[in-house]
Amino acid sequence: MHQQTVVIGSRSGLHARPASLFVKAAARQPVKVTIAREGRDPVDARSMLAVLALAAPYGEAVVLSAEGDGARAAVKKLAELLAQDLDTAA
C-alpha cells in the first residue's frame with residue numbers, strides 16, 4: 001500500500017469545485033484511492049458525497065492511500081492536485 005499526506009491547498013477547503021475536480025481525477029486513476037482526515041475512516045476518493053462529507057478545510061492534512069499497480073503514481077498525482085488552490089484552477 002502506498003500512502004501520502006497532503007495539505008489541502010484550496011482556500012475553500014475540499015468543497016464544491018475543488019471536491020469535484022478531485023473526484024473526477026480520482027475516477028480516472030487505474031486503482032482505487034482513498035482519502036482520510038486524521039481520526040476518521042478513509043473514504044473512496046471517487047465518491048463526491050463521501051469526499052464532501054469529510055469537510056476538510058484549507059490547510060488540513062489528509063492521507064491518500066492506494067494499493068496495486070500504479071498506486072504510487074495515482075497517489076502522487078492526486079496529492080499534487082489537492083495541494084493546489086483548485087478554486088482558481090482553470
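This section describes the fold, the core and selected residues of one protein chain.

The structure is a predicted model. The protein chain has three helices and four strands. Read from the N terminus, the order of the elements is β-α-β-β-α-β-α. The C-alpha atoms occupy a box of roughly 30 × 30 × 20 Å along the principal axes. For 90 residues, a compact globule would have a radius of gyration near 12 Å; the protein chain has 11 Å, so the value agrees with that of a compact globule.

Contacts within the protein chain were then examined by sequence separation. Among contacts with a separation of 6 or more, 71% join residues 24 or more positions apart. Burial was examined next. Of the 90 residues, 41% count as buried. The exposed surface of the protein chain is about 4,900 Å². Carbon and sulfur atoms supply 51% of this surface. The charged side chains comprise 11 positive and 9 negative ones. The centres of these two sets are 6 Å apart.

In soluble globular proteins, nonpolar side chains tend to be buried together. In this model, the largest nonpolar core has 26 residues. Leu14, Phe22, Val33, Ile35, Leu64 and Leu82 have the most contacts inside this core. Five elements each supply at least two core residues: helix 1 (16-27), strand 2 (33-37), helix 2 (48-54), strand 4 (61-66) and helix 3 (71-83). Helix 3 gives the most, with seven residues.

Ile35 shows how one core residue is surrounded. Residues up to four places away in sequence are not counted here. Ile35 touches Leu14 and Phe22 on the N-terminal side of the sequence. Further along the chain, Ile35 touches Asp41, Pro42, Val43 and Ala45. The list continues with Val51, Leu54, Val62, Val63, Leu64 and Leu82.

Two further residues of strand 2 were considered. Val33 lies in strand 2, and so does Thr34. Val33 has a relative accessibility of 1% and therefore counts as buried. Thr34 has a relative accessibility of 18%. Thr34 also counts as buried, because the cut-off is under 20%. Neighbours within four places in sequence are again left aside for both residues. Thr34 is in contact with Pro42, Val43, Ala45, Val63, Leu64 and Ser65. Val33 is in contact with Val43, Asp44, Ala45, Leu64, Ser65, Ala66, Ala74 and Leu78. Val33 was also compared in position with Gln3. These two residues are 30 residues apart in sequence, and their C-alpha atoms are 9.6 Å apart in space.

Leu86 and Leu21 link distant parts of the sequence. Leu86 is found in the segment after helix 3, whereas Leu21 is in helix 1. Leu86 is buried, with a relative accessible area of 2%. Leu21 is partly exposed, with a relative accessible area of 27%. Leu86 and Leu21 are 65 residues apart in sequence, yet their C-alpha atoms are 7.6 Å apart. Beyond neighbours within four places in sequence, Leu21 is in contact with Leu81 and Leu86. With such neighbours left aside, Leu86 is in contact with Ser10, Arg17, Pro18, Leu21 and Leu81. A second pair also involves Leu86. The C-alpha atoms of Leu86 and Ser20 are separated by 9.7 Å. Along the chain, Leu86 and Ser20 are 66 residues apart.

Backbone angles were considered last. Most residues other than glycine have a negative phi. Ala16 has a positive phi of about 40 degrees although it is not a glycine. Ala55 likewise is not a glycine, and has a positive phi of about 50 degrees. Ala16 is placed in helix 1. Ala55 is placed in the loop between helix 2 and strand 4. With a relative accessible area of 52%, Ala16 is exposed. With 35% relative accessibility, Ala55 counts as partly exposed.

Technical notes:
Residues numbered from 1 in each chain as written. Predicted model: local features only at pLDDT ≥ 70, side-chain atom pairs only at ≥ 80, totals over all residues. Heavy atoms only, no water. Rg over C-alpha atoms; globule rule 2.2 N^0.38 Å. Buried < 20%, exposed > 50% of the residue type's maximum accessible area, 1.4 Å probe, protein only. Contact = heavy atoms within 4.5 Å. Areas by Shrake-Rupley, 256 points an atom, 1.4 Å probe, with all protein chains shown as cover. Lys, Arg positive; Asp, Glu negative; His and termini not counted. Charge placed at Lys NZ, Arg CZ, Asp CG, Glu CD. Core = buried A, V, L, I, M, F, W, Y, C linked by side-chain atoms within 4.5 Å.
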